Amino acid sequence: MIDHNQSFKTSPDVVVTELDGENESVLLHLGTKKYYTLNETGVRIWQLLGEGDTIGEVIRKICTEYEVSSASAEKSVSELIQSLLKEALLSQG
Amino acid sequence: MATLLIELTNRCNLNCRHCFDQRHGGHDDIRLPVIEKIIGRAGEHDFDTIVFTGGEPTLHRQFPQIVRRVYEAGYRFGFVSNGQNFQKIYPQIKFFLDRLETITFSLDGVTPESHDSLRGDGTFTNLLKAISICVAKEIPFTFNSVLTAHNIHEIELLAGLAQQLGSGGVRFGQLMLTPAAMDHGLALTPDMINTVADKIEKLKESHTYPIGMGPGFYTALLFPCASLQMAELTITHSGHLALCCHLPDHGSALLHQDSQLDLNHVEFEEAFATWQGAVQSYRSTKKIYFNNRGKGFAEHLPCWFCQSYSNQVNWLKAYANTHWFRFIEENNFLGRPSND
């Protein structure tokens, strides 16, 4: 079970680049020099986490904004957070 | 096959401390009829690649249209950029990138502090954004690093960073000597240039990653540059054919005043023939000059002969207590060399 009250901090070592008109962004980790591409939903989750939203708040907003089920949103948010943590793009707040 | 270097504009969105004096601070773009003239006929003279320079070439008001015209005419193309405008320009040129040779971005430091101190606040981050797009979209790019007294200690780190960031290679250039370079304490001394060249050679030997050296370093070749081999032709933002991208528009620029080289007034064939004649004349002068004099250390630094030939070193008289003044004076490079 994930803790819906958990919040995170986005790494200050990440440069985020939005691609105009393509609904995606590129993350560059300055420490590892690795690049990552996020799709539109991923970018939104990244933004919400960066603003200090808890997992529960992120899931609720994704459900509303993208008209997806709570279960689907929870799965997407959870998987992305795990990936971001693994790559040190995100840390626990 | 040969390459055209077209200086699209002398405008720039930066004000770099190491920029050539009195250049790149202007407000002039090359005219589209001149571009059309070039595109229409250059292919018949073996030019198959067009590289846009500046100033910052992406600031030309019709940059996307020019890229499109070059693409439609069947040329491969590339451009040299500081990367600050790429996020904006990319959506407008992305349809033509299958004929892109490479984008050469300027990288002059390995940290925001180092890069930004030469190019301005925030420029390092904006550059990283530009190359992030390139990596995500598999757009080929390389780096050009201008070595100055400020960053010569970063050569190895610059090569490492360029490789880590996914570029196709890095080329090190030396800062051309100008009053601004002297005033800002950025000029390399002759000894520094030799040390730098040795370091780059060692890096090249120890890396499989492509590392290159720009023109101007010590060479045994009499005509080391692509332009002197007539494999590269520079056209300035004012529409003039020139000998070298380093020479136009400052000092008493070589070839620049000749109306027969002005594409605003003559056709490409006529200007190109005049240019070929001028290069041949230059080559003859240099060959006879060195046959008569022999070659000393100074003559192995090829830019000095060109700058002297185009009357661009006399300003050094105002810097009489510097290494370079003594160097130029000792080697009789004050005043235009002749073949007497």
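Tutor: Helices are DSSP runs of H or I with at least four residues, strands are E runs of at least two, and both are numbered from the N terminus. The model is predicted.

Student: Where does B:E138 lie in those terms?

Tutor: B:E138 lies in the loop between α5 (123-136) and β5 (141-147) of chain B. Its phi is near 55°, which is positive, and the residue is not glycine.

Student: What makes a positive phi worth a remark?

Tutor: Most residues other than glycine have a negative phi.

Student: Why is B:E138 called buried or exposed?

Tutor: Its relative accessibility is 72%. Exposed means over 50%, so B:E138 counts as exposed.

Student: What is the phi of A:E67?

Tutor: The phi of A:E67 is near 55°, again positive in a residue other than glycine. A:E67 is in the loop between α2 and α3 of chain A. With a relative accessible area of 75%, A:E67 is exposed.

Student: What makes the peptide bond from B:G54 to B:G55 cis or trans?

Tutor: Omega is near 25°, and the bond is cis. Most peptide bonds are trans. B:G54 sits in the loop between β2 and α2 (63-72) of chain B, and B:G55 is placed in the loop between β2 and α2 of chain B too.

Student: How do you know whether B:G54 is buried or exposed?

Tutor: Buried means under 20%. B:G54 has 11% relative accessibility, so B:G54 counts as buried. Its C-alpha is 9.1 Å from that of B:F79, a residue 25 positions away in sequence.

Student: Turn to the rings. How many aromatic pairs are there over all chains?

Tutor: The search of the whole structure finds 18 aromatic pairs. In one of them, the ring centres of B:F47 and B:F272 are 5.5 Å apart and the planes meet at 75°. The cut-off for edge-to-face is over 60 degrees, so this pair is edge-to-face.

Student: Which parts does that pair tie together?

Tutor: B:F47 is in strand β2 (residues 47-53) of chain B and B:F272 in helix α9 (residues 268-293) of chain B, so the pair ties together parts 225 residues apart in sequence. Both rings' residues, B:F47 and B:F272, are buried.

Student: Why is the pair of B:F290 and B:F305 called stacked, tilted or edge-to-face?

Tutor: Their centres are 5.3 Å apart and their planes are at 45°. Stacked needs under 30 degrees and edge-to-face over 60, so the pair is tilted. B:F290 lies in helix α9 of chain B and B:F305 in helix α10 (residues 302-309) of chain B, so the parts joined are 15 residues apart in sequence. B:F290 has a relative accessible area of 6% and is buried. B:F305, at 2%, counts as buried.

Student: What makes B:R283 a charge over a ring?

Tutor: B:R283 lies over the face of B:F223, 4.1 Å from the ring centre. The distance limit is within 6 Å. The charged end of B:R99 sits over the ring of B:Y71, at 4.7 Å from its centre.

Student: Last, chain A. Why are α2(A) and α3(A) called parallel, perpendicular or oblique?

Tutor: Helix α2 (residues 55-66) and helix α3 (residues 70-86) of chain A pack at about 130°, with axes 9 Å apart. Perpendicular ends at 115 degrees and antiparallel needs over 145. The two helices are therefore oblique. Their crossing is right-handed.

Notes: Residues numbered from 1 in each chain as written. Chains lettered and ligands numbered in written order. Predicted model: local features only at pLDDT ≥ 70, side-chain atom pairs only at ≥ 80, totals over all residues. Heavy atoms only, no water. Phe/Tyr/Trp six-rings, centres within 6.5 Å; stacked < 30°, edge-to-face > 60°. Buried < 20%, exposed > 50% of the residue type's maximum accessible area, 1.4 Å probe, protein only. Lys NZ or Arg CZ within 6 Å of the ring centre and 35° of its normal. Axes fitted to C-alpha atoms, helices over the stretch in contact; angles between N-to-C directions. Parallel < 35°, antiparallel > 145°, perpendicular 65-115°, else oblique. Left-handed = near helix turned anticlockwise from the far one by under 90°.
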